Amino acid sequence: MTNNLPKISTAYQSKLISAIVSVSAFFLIYLLLILASLLMIFLLGYGAIKLLTIKVNYFTIFGAAGLFSIGIFVFIFLIRFIFRKNEYNTRHLIEVSRSHQPELFDMIDEIVKETKVQTPKKVFLSPDVNASVSYNSIFWSMFLPVKKNLTIGMGLINTTSAGELKTVLAHEFGHFSQRSMKVGGYVNQAEKIIFETVYNNKDYENFIMEFSGGNIFFKIFGLISVSFISAFQYILKSISNFLFKNHASLQREMEYHADAISTFVTNPDEQISSLLRLELSDAAFNYATNFYIESNQKYLPKNLYENQISLMKIFSERNNHPYINGLPKIDIEDLTRYNKSRIEIEDQWSSHPDIDKRVERIKKNETQNTTSDHRPAGEIIKGYENICETLTAKYLTLLSIKNVGEVIDGNTFTTLYQENNAYQSLVSGFNGYYERHTPILEHVETMIPDYGIHHESDLFSDKKVSLVYEKAGIEQDLQTLKYLVSQPKEIKTFRYNGTLHKAKDAGIIIPQLENELKNVTAELGENDKLIFQYYYRLGNDEYKMSLINKYTKMTAIDREFDEFQESLNEFIGYLQFMAVTLPFEEIRKYRAKLLKAEKPFKQKIRSLLESSAYKELLTAEENNLLQQFVNSEYIYFNNDRYLQNEVDSVSLLIEKYQTLLNTYYLNTKQELLNLQLEVSKTS
């Protein structure tokens, strides 16, 4: 038995103390609010009695009842969450036992022995891509040493090796060993209180006003009750932010500690490989599920996990992930390659650290380096295929998908998915240079003179591609810094190039980054010019003219896209009022603003139709749709009701307009790249 498991860190201890202080403060304030409501009942009740002793008549009786009701309503508001049932639901799970799954329980026994924790009370298999530790009763876990349950997702088992599954379970057993999980029980109860009192209280407020009926006295007292409730809600909401941020901070440290335990009793390589594959596995499962949801019950899966494997292969091929030991291998560089941001802001609300940070910690953790087990994890599950099919049926029921569609096999699913989700990507023959970069050259005809001979490999080298993502990273960082300047109180600190800064200092860094952006943009522009000259030199006269035309067209489309997109975004904002319920007078006010905003928007569409680079690309149907809107005189709302045909028409116009802007932009770019690729192959 292991006697030297990783100890909790100083950071963990600090975050634990902060979480305990915040949850204690919350319940203290909540208790004070309850005492305040009881005091209200006493004082208002005393006032009601005094009122009746003065004189008993119609007015004093209603006045006394109204006074007393204020305290009662406020008290009920604070304790009503207790009467909400929250039963532990396992209908979408399969409980497994040692006799049913001996190999799985052998693995669990081994981890229990290594981590020196209690054996889980129950073990469940769930449909999703996850593993978790939970209590049957969160309420009693706050006061008693209640045993925890272990839930293992079949979507996780389906996409890991046996060794990787062991590292995941060891991580969860790391949570078993954490007494700080009990804090989560208190936070969960606090969250329940806050949800019921702050966010799920509208029905109760409506009940108070309805209970008041038509009596003017009760109406007044009902409004007073709601006002007190609003004040109490404000107090609870204010303390909730402090509570949840501290708990989220503790949870992140708990994840690091659970990782350390997993690394120690297994090995870092399998732990990292399973962690890096998790996002791909989850995406494959969710896309497979969404396929059946979007089919509107036309199709049903027999085995959703077979579909998950198929999509994981498709996604891996698209992203050049190699398969090793039957599973895709994801490198940390695959997650960080395109992220050149130098600003780090800790997500104060996240319960899990970023994967790259977890991987960095895991590599430094102490380990016994147990032998890797590359068998598919599904091999340790008896009746694996039957369980997959059973969990598929349970998951569909959970999603309210009725058993009425055609059950399709894995091959049919793959064919249908690829037909409905054709993979669109720009030509990949340029080392990814154009995936996030568009070549924009003003007055390209003036760049025809050759300034020297360059090799294609140099123009699209890793260094040049890195410039594209460096530019994107600077632009992202500038947006972040400008947000920090505009909202100085929302985030206290951030890291830039690894150095800690106060949010108020964000404005100091902006000029530096703007200068860097200018230099990188100029460097990319110079490379784009060299690329044009390279391909221009390769082709014949007809090709040369075509290349000039396509660069000119791309530059015009790019410039106009920004103009048309900005106009569209602004106009969409004036349509938002139609999506919510408003008083008629409010609707009329918003409609007036919409009709005024229509004029410049229609003028912009008229410009697209008559004088833009887009006009030659439009189909007759698109042209007619845009022209019809330009000529329209919609009023949208009349006689206290929306004119649905006009509302639907403008919604269709927005959808089609956005689509054609995006489609023709990408098509223009693709045509240019195809032309370059074509001459490159023939030269």
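## Overall picture

A residue is called partly exposed when its relative accessible area falls between the limit for buried, under 20%, and the limit for exposed, over 50%. By that definition I20, with a relative accessible area of 39%, is partly exposed in this predicted model. I20 belongs to helix α1, which covers residues 10-54, and its C-alpha atom is 76 Å from that of D541, a residue 521 places apart from I20 in sequence.

The protein as a whole contains 22 helices and 13 strands, and its C-alpha trace spans about 105 × 75 × 60 Å along the principal axes. Of its 683 residues, 44% are buried. When contacts between residues at least 6 apart in sequence are considered, 82% of them join residues that are at least 24 apart.

## T159 and helix α6

T159 is found in the loop that runs between α5 (154-157) and α6 (162-176). Its relative accessibility is 2%, and because buried means under 20%, T159 counts as buried. The side chain of T159 reaches the backbone oxygen of G155 at 2.9 Å, and it also makes a polar contact of 2.6 Å with the side chain of S281. Leaving out residues up to four places away in sequence, T159 touches E164, R277, S281, Q308, I309, M312 and L327.

Helix α6, which comes after this loop, has 15 residues, and the distance from its first C-alpha to its last is 21 Å, close to the 21 Å expected at 1.5 Å a residue. In α6, 15 of the 15 residues are buried, so the helix is largely enclosed by the rest of the structure.

## The loop between α10 and β5

Two residues of the loop between α10 (268-294) and β5 (299-301) have a backbone feature worth describing, and one of them is N296. Although N296 is not a glycine, its phi is positive, at about 55 degrees. N296 counts as exposed because its relative accessibility is 66%, and the limit for that class is over 50%.

Q297 lies in the loop between α10 and β5 as well, and Q297 too has a positive phi, of about 65 degrees, without being a glycine. With a relative accessibility of 26%, however, Q297 counts as partly exposed.

## Helix α11

Helix α11 takes in residues 304-318, and its 15 residues should span 21 Å at 1.5 Å a residue; the C-alpha atoms at its ends are 21 Å apart, which agrees with that expectation. At the start of the helix, a side-chain oxygen of N303 comes to within 2.9 Å of the backbone nitrogen of Y305. After the helix comes N320, with a positive phi near 60 degrees.

The buried residues of α11 are L304, Y305, N307, Q308, S310, L311, M312, I314, F315 and S316. Q308 and M312, which are included among these buried residues, are also among the residues that T159 touches.

## L441 and its surroundings

L441 sits in the loop between α15 (410-420) and α16 (456-459), and L441 is buried, with a relative accessible area of 4%. Apart from its neighbours within four places in sequence, L441 is in contact with M447, G525, D528, K529, F532, Y551 and T555. L441 and L595 are 154 residues apart in sequence, and their C-alpha atoms are 38 Å apart in space.

## Packing of helices α20 and α21

Two packed helices are described by the angle between their axes and by the distance between those axes. For helix α20 (residues 584-611) and helix α21 (residues 620-631), the packing angle is about 145 degrees and the axes are 9 Å apart. The crossing in which α20 passes α21 is left-handed. On the side of α20 the contact is made by E598, F601, K602, I605, R606, L608 and L609, while α21 contributes N623, L626, Q627, F629 and V630.

Sorted by character, the residues of the contact of α20 with α21 are seven nonpolar, two polar and three charged. An α-helix has 3.6 residues a turn, so residues three or four places apart point the same way.

Notes. Residues numbered from 1 in each chain as written. Predicted model: local features only at pLDDT ≥ 70, side-chain atom pairs only at ≥ 80, totals over all residues. Heavy atoms only, no water. Axes fitted to C-alpha atoms, helices over the stretch in contact; angles between N-to-C directions. Helix = DSSP H or I, 4+ residues; strand = E, 2+ residues; numbered from the N terminus. Left-handed = near helix turned anticlockwise from the far one by under 90°. Contact = heavy atoms within 4.5 Å. Nonpolar A, V, L, I, M, F, W, Y, C, P; charged D, E, K, R; others polar. Expected span 1.5 Å × (residues − 1). Buried < 20%, exposed > 50% of the residue type's maximum accessible area, 1.4 Å probe, protein only. Polar contact = N/O pair within 3.5 Å; in protein donor to acceptor, adjacent residues only side chain to side chain.
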